[in-house]
Amino acid sequence: MPELPEVEVARRALEEHCVGKRIVRCSAADDTKVIDGVAPPRLEAALVGRTISAARRKGKNLWLALDSPPFPSFQFGMAGAIYIKGVELSKYKRSAVRPTEEWPLKYSKLLVVMDDGLEFSFTDKRRFAKIRFLDNPEAVPPISELGPDALFEPLHLDDFVESLSRKKAPIKALLLDQSFISGIGNWIADEVLYQARIHPMQTASMISKEKCKALHQCIIEVIEKSLEVGCNSRKKIDFITVGGRTSAYVPELQKLDGIDATASRAKISKEQSKSNKAAREVDDDEEEAKPAKRGRKQLVKATHEIQEDEEDAKASKRGRKQPAKTSKGSWKKAHHSSEGSGDDDSDDEAVDKVVAEQGKRRDPKQPAEAKSSSDKGGSAAPAKRPQRKKRQL
C-alpha cells in the first residue's frame, strides 16, 4: 500500500518534470468507481489546455495545482501509483516504464500528455484509489480530515508528548490513525517503532518521555531516509495484530513496559496452556485409536483365512487341482510387509464381503441345502425328477 514516501516520490517527480507545462491530451478510463464525482469525458475536456503550476501533497493524497481551479486530486488507496514514461521515480521499487512495454499501462485510469511530448499515467489495479476534480482539495474530505503531515508539518516535541499522554490506544494503532498524524502507514509505523525500541502494543500514555522523544525523532528520520533507500534487518522479527493490521517488531529490542508487559505475559501463558491442553487431547485420541487398529488387523487376518478356506473348498468341489495357496504363516508375513502401502482399502472390501456372505447363510428365509458328498471327496448323485400323476379318464 502506498504511504507517504511513495506519494512524496511521485509528487517530486511531477514537480520536476511537469510543472510549467501545458496539457494537450487527456484520456480517462470509464471507471466511475475510481473517477469519483465527475464524468470521465468532462474530466478530459476540463484538463486539456490547462497548465500545471504545482504538485502538492498531504498525507497519502496528492493533487495538481493548475493555472485555475478545479484541480485533479489523487487518493492512492491500496495500489495507486504515478508512472512517468521514461522516468524512474523510485530506487527501491521498479517504477520506470521501458520503451518495449505497453503504454499506456494496463490499469491506467488517467493518461496525461504534455506539450513537450512527456506523458504520465495514474494507475490502480485494485480499484480502491480515487480521482476527484475539486475547486479546493484541502477544504473537503478526505484531506480536510487529516492530521498534520508527518514530513511537512511535524508536531513540536512538547505537543507530541502531551498528545501521547492523553491516548489510551496501543501506539501502533495511534500512528496509523490519519487524524492524529497523516502519512504514516503500516510499514513506516513498524520501522519507526523498531528504531525507537518501542513495542507496538505499548499503551501510548504509558510511554516514557525519553522514548517519546526518540519516537518523535525517528518519525522524521525514517521518512526522510525511506525517500532515499529501502531498509533491512538481520534480527528476528515477530508478527502480531495491532489496530487490525499486521505489525512487525523485534522482541529483543522492542519490549513492553509496566502493566502492558504483565498483561502480555499473562496472555502468552494462557495461550500456552490452551496449546498444551490441545496437544494432550490429541495424544489421548491416538491412544484410544490403537486398540481399534489392533482389532481391525485381527479381523482382516481372519477374513483372509476364511477366504482361503472357501477357495480350497471350491477347488475340491470342482475336482480340479489348484496351485498351492500361501500358508497362513506366509500370509501373515506378506500382510505385515504390505502395511502402509495402500492395501487398506482392499482389506476393508474383503471384510465387508465376508461379513455379507455370512449374513446370507444365517438368513432363515433361505432354504437349507444338504451338503453334497463331494465335500467328503465323493461324487454327487443326480437329483430325481418328481413323478407326474396320471390323468384318469
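Are Phe74 and Phe122 buried or exposed? Both Phe74 and Phe122 are buried. The model here is a predicted one. This briefing covers a cluster of aromatic rings, two charges over rings, one helix and one pocket.

**Aromatic cluster**
- The count of aromatic pairs comes to 2.
- Aromatic ring pairs are described by how far apart the centres lie and by the angle of the planes.
- Phe74 and Phe122 form a tilted pair, because their planes stand at 40 degrees, and their ring centres are 5.1 Å apart. Tilted covers plane angles that are neither under 30 degrees nor over 60.
- This pair links distant parts of the chain. Phe74 sits in strand β4 (residues 71-75) and Phe122 in strand β7 (residues 119-123), 48 residues apart.
- Phe76 and Phe122 have ring centres 5.4 Å apart and planes at 85 degrees, so this pair is edge-to-face.
- The pair of Phe76 and Phe122 also links distant parts of the chain. Phe76 belongs to the loop between β4 and β5 (81-84), while Phe122 is in strand β7, 46 residues away.
- Phe76 is buried, with a relative accessible area of 3%. Phe122 is buried too, at 0%.
- Ring pairs thus join Phe74, Phe76 and Phe122 into a cluster.

**Charges over rings**
- Lys33 lies over the face of Phe128, at 5.1 Å from the ring centre.
- Arg197 lies over the face of Tyr194, and here the distance to the ring centre is 4.8 Å.

**Helix α3**
- Helix α3 spans residues 157-165. Its buried residues are Phe160, Val161, Ser163 and Leu164.
- These buried residues lie on the same side of α3, because they cover an arc of only 160 degrees around the axis.
- In an α-helix there are 3.6 residues a turn, so residues three or four places apart point the same way.
- What covers the buried residues of α3? The cover includes α4 (171-176) and α6 (209-226).

**Second largest pocket**
- The second largest pocket has a volume of about 460 Å³.
- Its lining is made of 17 residues. Nearest the centre lie His199, Met201, Leu256, Ser264 and Ile268.
- Two elements, β9 (238-242) and α7 (258-318), each give two or more residues to this lining.
- Which element gives the largest share of the lining of the second largest pocket? That share, 8 residues, comes from α7.

Definitions and conventions. Residues numbered from 1 in each chain as written. Predicted model: local features only at pLDDT ≥ 70, side-chain atom pairs only at ≥ 80, totals over all residues. Heavy atoms only, no water. Buried < 20%, exposed > 50% of the residue type's maximum accessible area, 1.4 Å probe, protein only. Helix = DSSP H or I, 4+ residues; strand = E, 2+ residues; numbered from the N terminus. Arc of directions from axis to C-beta. Contact = heavy atoms within 4.5 Å. Phe/Tyr/Trp six-rings, centres within 6.5 Å; stacked < 30°, edge-to-face > 60°. Lys NZ or Arg CZ within 6 Å of the ring centre and 35° of its normal. 1 Å grid on protein atoms, 1.4 Å probe; cavity = no way out; pocket = protein on both sides within 12 Å on 5 of 7 lines; lining within 4 Å. Points joined across faces, edges and corners; volume = space filled by probe spheres on them.
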